[in-house]
Amino acid sequence: MKTKLLKNFLYYFFPILWAILFVCIGVIPTRLFQNFHQNIPFILVVIFYFALFGSNRLNVLIVFGLGLLTDFLSPSAILGLNAFIYVIMFFMAQLFKSYLYNLSFCHLWIIFCILMLFVDIVWVWLARFTTNLWVTPSFWFVQYLFTCMFYPIIVWITAKLNLYTKDV
Amino acid sequence: MESKVFRLKRIRAQIRRLLPLFFLFVALLIMVLVRSDSPAVTEIRTILWEYITPVVSVVKRPVLWIKSGTEGVKDLIFTYQNNIELKQENQDLKKWQLQALKLQTENIELKRHFNYKISNKVKEIMAEIVLDEGGEFGRSFVVQAGREQGVKKGMLAFGPVGLFGRITHVGKKYSRLMPMTDYMSHVPVYVGQEKKVAFLIGDNTDRPYLQFTDEKEYAQKNDIVFSSGYMGIYPSNLPIGRVDQENENAPRVLLFENINGLTFVRLIDFGLTENLLSEDLESL
């Protein structure tokens, strides 16, 4: 009985716990350039993955909650900005789910890069309107580049762990 | 009956499809209506950080290991060059040491002469930086000392070299401090020996910039920037940094304290925060 409960817990809560871990990673700034500190939103890769392959366990309400959590944890961030961005990523992935579901790994990567470009443009504009601050192009570009670059690694690990939690 | 079930299912599916749009709308509403620096939001932030900080500090550990490893390798490679630089620096420091000793004796004599009494209002707390968090719109540090350790909002943060920020949020066990490089930081300062009045404004880079109150004023390279004490948040005459880049509109200042890689901070209460209204602290 206990093992069954644990199995179910692992299966249903793995996406949430995994996503929270990536939220925590996301609030740690990375010093990529000499003077700039920025955080890379790897969580968007996780959201994209679970929107396609585990939307019954990571639904839009949780995604919205994760966004708000990131907003609260980021210093001086605009409240609701990350929630908006995460929901957009989830929504887009869900919208094209039937088409994306059967695509190969590489094709999915390309699609993610395109979606990420759209999401980042929305993010830059929203930040502009709400804070009156322009995010410098280098900032934005590095964030985009790194998120896309790390996509295969994050998806690979997430998929392996996801399969493992299914099989336990 | 069947058609009713089918209709219900269809409605449910449609609601599910529209749910993301609803949440997008809610997020937009939050963005427009809720100020991120309102007291309620600040309170929630502080509570959340109390719980999340231990998790984040564990998550960060592998990153720190890699970082210290690469730094060790780098140090090994540049040992010879570093040694030459250190010798040079040591010679300079010896000169300064002599100068300091001379000034110290002079200072003691002057204090005795004027019957000077040291303020016992100054309180000092040593705290470990558990998290250096930030992003595009700000940067702050979480330190492992809170109300329980006697930390107060508005306490000034010093590194081994000098002043670099102040406490903005105080939790039970953790506090958050905002460095002068943050977007929200506006520090009233004097520039150079002429004491030109300016504000040191952070923009999330390592070098905040100066904005003079008088547009005709300008800064020269290597001018010392120190706190003016205006508004009573920072005591006057605390050295902050030196002008690093001459720019007519916004000269850049290199802080004396290198805030990257700090592990411990000294939190000092100069007794100034008691004289201030909380709104004054919020606005700075």
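**Exercise 1. Determine how many helices and strands chain A of this predicted model contains, and characterise its fold by burial and contact range.**

Solution. The secondary structure of chain A amounts to 8 helices and 0 strands. Read from the N terminus, its elements therefore follow the order α-α-α-α-α-α-α-α. Next, consider burial: of the 168 residues in chain A, 42% are buried. Finally, turn to contact range: when contacts between residues at least 6 apart in sequence are taken, 66% of them join residues at least 24 apart.

**Exercise 2. Identify which residues touch the most other members of the largest nonpolar core, and which helix gives the largest share of this core.**

Solution. The largest nonpolar core holds 95 residues. Within this core, the residues touching the most other members are A:Ile47, A:Val87, A:Met89 and B:Leu200. Helix α4 of chain A, spanning residues 81–95, supplies the largest share, namely 11 residues. Now take A:Ile47 and set aside its neighbours within four places in sequence: its contacts are A:Val63, A:Tyr86, A:Met89 and A:Phe90. In general, nonpolar side chains of soluble globular proteins tend to be buried together.

**Exercise 3. Compare the span of helix α3 of chain B with the expected value, and establish how many of its residues are buried.**

Solution. Helix α3 of chain B covers residues 79–114, which gives 36 residues. From first to last C-alpha it reaches 49 Å, close to the 52 Å expected at 1.5 Å a residue. A residue counts as buried if 20 or more other C-beta atoms lie within 10 Å of its own. By that criterion, the count of buried residues in α3(B) is 0, and the helix is hardly covered. After α3(B) comes B:Asn115, with a positive phi near 55°.

Conventions: Residues numbered from 1 in each chain as written. Chains lettered and ligands numbered in written order. Predicted model: local features only at pLDDT ≥ 70, side-chain atom pairs only at ≥ 80, totals over all residues. Core = buried A, V, L, I, M, F, W, Y, C linked by C-beta atoms within 7 Å. Buried ≥ 20, exposed ≤ 12 C-beta atoms within 10 Å, placed from the backbone. Helix = DSSP H or I, 4+ residues; strand = E, 2+ residues; numbered from the N terminus. Contact = placed C-beta atoms within 7 Å. Expected span 1.5 Å × (residues − 1).
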